[in-house]
Amino acid sequence: MSVIISKLYKKYGDEIIFEDFNLVFEKNKISGILGPSGAGKTTLLNLCSGLEKPDSGTIEGINPQSISYIFQEPRLLPWRTVRENLRLLFKEKSIRKAGAHESDIDGMLKLVGLGSVGDLYPQELSGGMRQRVAIARAFLYPSELLLMDEPFSSLDYSLKNRLIEDFLKIWEQDKRTVIFVSHNEDEIRQLAQVIFTFSDKPVQILKKETL
Amino acid sequence: MKISTFLENSQQSRIKKVLGKIGVAFFWVLLWALAARWVNSPLVLPSPLKTLEGVVTLAGDFEFFVSIGVTLLRVFGGVFISVALGLVLGLAGGLNKPFYEIMNPFVSTIKSLPVVSVIILINLWIASGLVPLVVTFLICFPVTWTNVVQGVRSTDKKLLQMAKIYNVEQSKIISDIYLPSVKPYAVSALMNAIGLGWKVTVTAEVLANALPSIGMNLYYAKIYLETDLLFSWTLIIVICSLVIEKITLYMIARNNRKGDGQCPLS
């Protein structure tokens, strides 16, 4: 099901972020949102994920139990190994059943090119490797909707390109509805199939491109 | 740098550190010895040697070990209950605002009560032997509770958001996010409680006439004007307190995981 945003209204204090805002994200496509910093892109993702509530309006087509989110930062637990960080996604009962999901974790780590780091702690990995773990976590979680908030912004150019290529490879195998937010046009063009360009606040869609 | 050279250097710096500490201790003992010599009255200020002799004399009696053992049990009992309850109720207080509002006046009241008032009041209600344990618990509990509540509140919101998105089980949010975040606060509370526990337990033993105890031995030494034994018992308290502090720190360090105490990578 597509994600349908209707008549969205959201403000912080006196500042209106969204006013009578409407948008549709197509199912199983990568939609990119391009816009200046602080334009409300992250707010839109937070509204879609349920981390924030709209003041009025509706967002339909999202099952709150079925969302993955790749944040700007990897948000890994520093006191848990990579494997333990990924194990967090599974219910305790299912883990106890003869190591269920361990093969899923291993498979996903291999897919993101981190086959041998399962027992390392996040601080023993480079920034790029940590972001790969975050990508692995997003795909390991059985979601219909994947939200991405500038996940490549802190990485250098070549690492960013490699990670985008890897991301597309994984997405081809496991297609989900993706909403990808960035202020970097190159990143958006490499990844997205539909691009929405946002104005500054209150947000309006300046342009919609289908690639 | 060669590994062997690195090891030699680190060993040398460790030896230097230990020698430095011994030097500082020697300086203070020397100062004490000079002061005792200057005062020239063991009744007012016994020398370090006389104090040590007192410890040796005391150690010849089985009662000595019973007194230390019972006092230790009271300290451990009071500190353990305060840390365990402080952890559980502190987690509840940090996570649940109404519960915090209910607990806060109780904790604030205990915090502001003079220790002596608490000891005398508790002594009215329960047997002397138990007074030090209960008072130690009451005095240490606010420290651990407040620290744990603070730890829960300073847990990284970004990690909690991640857990919410991925529908992480509540039990795992507590064991894998809240508890590791609270750990540095709980450790600091434990160390404070141990230090405080000794002082409160011995004071309560004196005021509640709890027997057998280090506190009552201190009291008897005072009323019989055995100043050297008063110093010997005080020295024993200091040594016990230091040993327990070191053992606790060692056990905490042994159980630390790699990422413990680190800023979350978020």
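This is a short dialogue on reading chain B and its interface with chain A.

User: What kind of model is this, and how are residues and chains labelled?

Analyst: It is a predicted model: local features need pLDDT of at least 70, side-chain atom pairs count only at pLDDT 80 or more, and totals for chains, interfaces and linings use all residues. Residues are numbered from 1 along each chain as its sequence is written, chains are lettered from A in the order in which they are written, and side-chain values use heavy atoms, with hydrogens and water left out.

User: Which elements does chain B have?

Analyst: Helices (H or I, at least four residues) and strands (E, at least two) are DSSP runs, numbered from the N terminus. Chain B has ten helices and zero strands.

User: How is the size of an interface given?

Analyst: Often as the accessible area lost when the parts come together. Here the area uses a 1.4 Å probe and is summed over both parts. Chain B and chain A bury about 2800 Å². Carbon and sulfur atoms carry 56% of it. By contact (heavy atoms within 4.5 Å), 25 residues of chain B meet 34 residues of chain A.

User: How many salt bridges cross the interface of chain B and chain A?

Analyst: The rule wants a side-chain nitrogen of Lys or Arg within 4 Å of a carboxyl oxygen of Asp or Glu. It finds two across this interface. One of them pairs A:Arg80 with B:Asp176, with the closest N and O atoms 3.2 Å apart.

User: Which helices of chain B each supply at least two residues of the side that touches chain A?

Analyst: Helix 7 (157-165) and helix 8 (170-208).

Technical notes
Buried area = accessible area lost by both parts, 1.4 Å probe.
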